[in-house]
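Got the viewer open? Load the chain and keep your selection box handy.

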Amino acid sequence: GGSFLSVRTKHIECLERMLNFNNFVDSKTSWQEHWKILIYDGFCRDVISTLFKVADLRKHGVTLHLNINADRQQVQDVSAIYFVQPSKDNVARIGRDCAAGLYDSMHLNWSSTIAQDQLHALATSVAECEGQSRIQKVFDQHMNFVSLDHRLFSLMMDQSYVKLNDPEVGDAEMESTINDIVNGLFSVLVTLGVVPIIRCPRGDAAAMVGERLCKKLRDHFLSTNNLFKEQAFSSSSFSRPALIIVDRSTDLSVNLQHAWSYEAMLHDVLGMNLNKLTVSETVGEDGRRQPSRVYDLGASDSFWVDNCGKPFPVVTDEIEEKLTAWKLEYAAIGTQGQAEYVADAAGGGGVYGPPRAA
């Protein structure tokens, strides 16, 4: 309960530590001492977007945020924080950035563990351009998942059910899919700082994921870089959560018939994605156009938090109540403003008069 297993809260803490150049963050941390540029790829942009808005990035000292594949200009005297997947293309691009001298100081953060051959390729390209002094730190962040809510996350994997169940899918592709799931779940556990009790059925894809995740955890405990060391002697280590892994085939009806909840309807009707939805442009009966608008829903939206899981008819009643309360409040403010204006005018203090709608 509480914030102990809030994946969103823990994810934000990890991002804040990354933006503080992987130093500890507390109430005394000054985000305005060191300005920085944030460089990300498409996947890591999605990771950040559900947790930080542009204003949040500014508050954390980020003056500019750019896609790694964009045409970027040289910026001196400002540190660049890279947050990208450890792919071959990203490694090559970082090497070219270093050779071009785009930034004096580069802090590299991989969303998951970088393979040794990719690390060697990066070291070779940096050595060839004599840019070793530009690379300040290299970190495996283990954040290759998206936190949508305090208790909801996604590995953002397309067609994973098909890849695990289609008989025409090759063994190599299936192996890759299972490894991606295992690495994603491992990242979630590292972010939460917990070692769960794993439970899964036997003989299906869920069992393969559970067995490999268990092996990955055991191998990690034996390594010198044990990411769970801080939690080993904490009081929370005696209260291990259960991680239950179940194959999607166990309950296929959910994919075919969604619940009549506010959240499910927004997903189905308006294509909600990454806690955002777009209401397309509309044209009224009078011919006036209402431009398309993007709405950002999530943990910071109190109405969404209170109503996302409720049946849609209940939510419409809630909207009516909120709207009625708002109208009463607006009318009270207007009445109060008019009374103050009359009093000022009677006393000779009225200069500009009440504001008028354009």
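Here is a short walk from the whole chain to its largest pocket and then to one histidine.

Start with everything selected. This is a predicted model, and its chain of 358 residues has 34% of them buried. Colour by secondary structure and you get 13 helices and 13 strands. Switch on the surface next: about 22,000 Å² is accessible, with carbon and sulfur atoms accounting for 53% of that. If you draw a contact map, look at pairs at least 6 apart in sequence; 73% of those contacts link residues at least 24 apart.

Now go to the largest pocket, which holds about 1,800 Å³ of space. To centre the view, select L152, F153, S154, L155 and R248, the residues nearest the middle among the 46 that line the pocket. Then bring in the elements that each supply at least two lining residues: strands β6 (146-149), β7 (152-154) and β9 (242-244), plus helices α6 (160-165), α7 (171-192), α8 (205-222), α10 (253-256) and α11 (262-270). Which element gives the most to this lining? That's α7, with five residues. Colour the lining by class and you'll see 31 nonpolar residues, nine polar and six charged.

Last stop: select H142, in the loop between β5 (135-140) and β6. Is H142 buried or exposed? H142 counts as buried because its relative accessibility is 7%, below the 20% cut-off. To see what surrounds H142, leave out neighbours within four places in sequence and show its contacts: W110, S111, S112, T113, F186, S187, V190, T191 and L227.

Key:
Residues are numbered from 1 along each chain as its sequence is written. This is a predicted model: local features need pLDDT of at least 70, side-chain atom pairs count only at pLDDT 80 or more; totals for chains, interfaces and linings use all residues. Side-chain values use heavy atoms; hydrogens and water are left out. Helices (H or I, at least four residues) and strands (E, at least two) are DSSP runs, numbered from the N terminus. Buried means under 20% relative accessible area, exposed over 50%, partly exposed in between (1.4 Å probe, protein chains only). Contact means heavy atoms within 4.5 Å. Accessible areas come from the Shrake-Rupley method with a 1.4 Å probe; for residues, only the protein chains shown count as cover. On a 1 Å grid over the protein atoms alone, a cavity is a set of points where a 1.4 Å probe fits but cannot get out, and a pocket is an open set with protein on both sides within 12 Å along at least five of seven lines; lining residues have an atom within 4 Å of a point. Grid points are joined across faces, edges and corners, and a volume is the space filled by probe spheres set on the points. Ala, Val, Leu, Ile, Met, Phe, Trp, Tyr, Cys and Pro count as nonpolar, Asp, Glu, Lys and Arg as charged, and the others, Gly among them, as polar.
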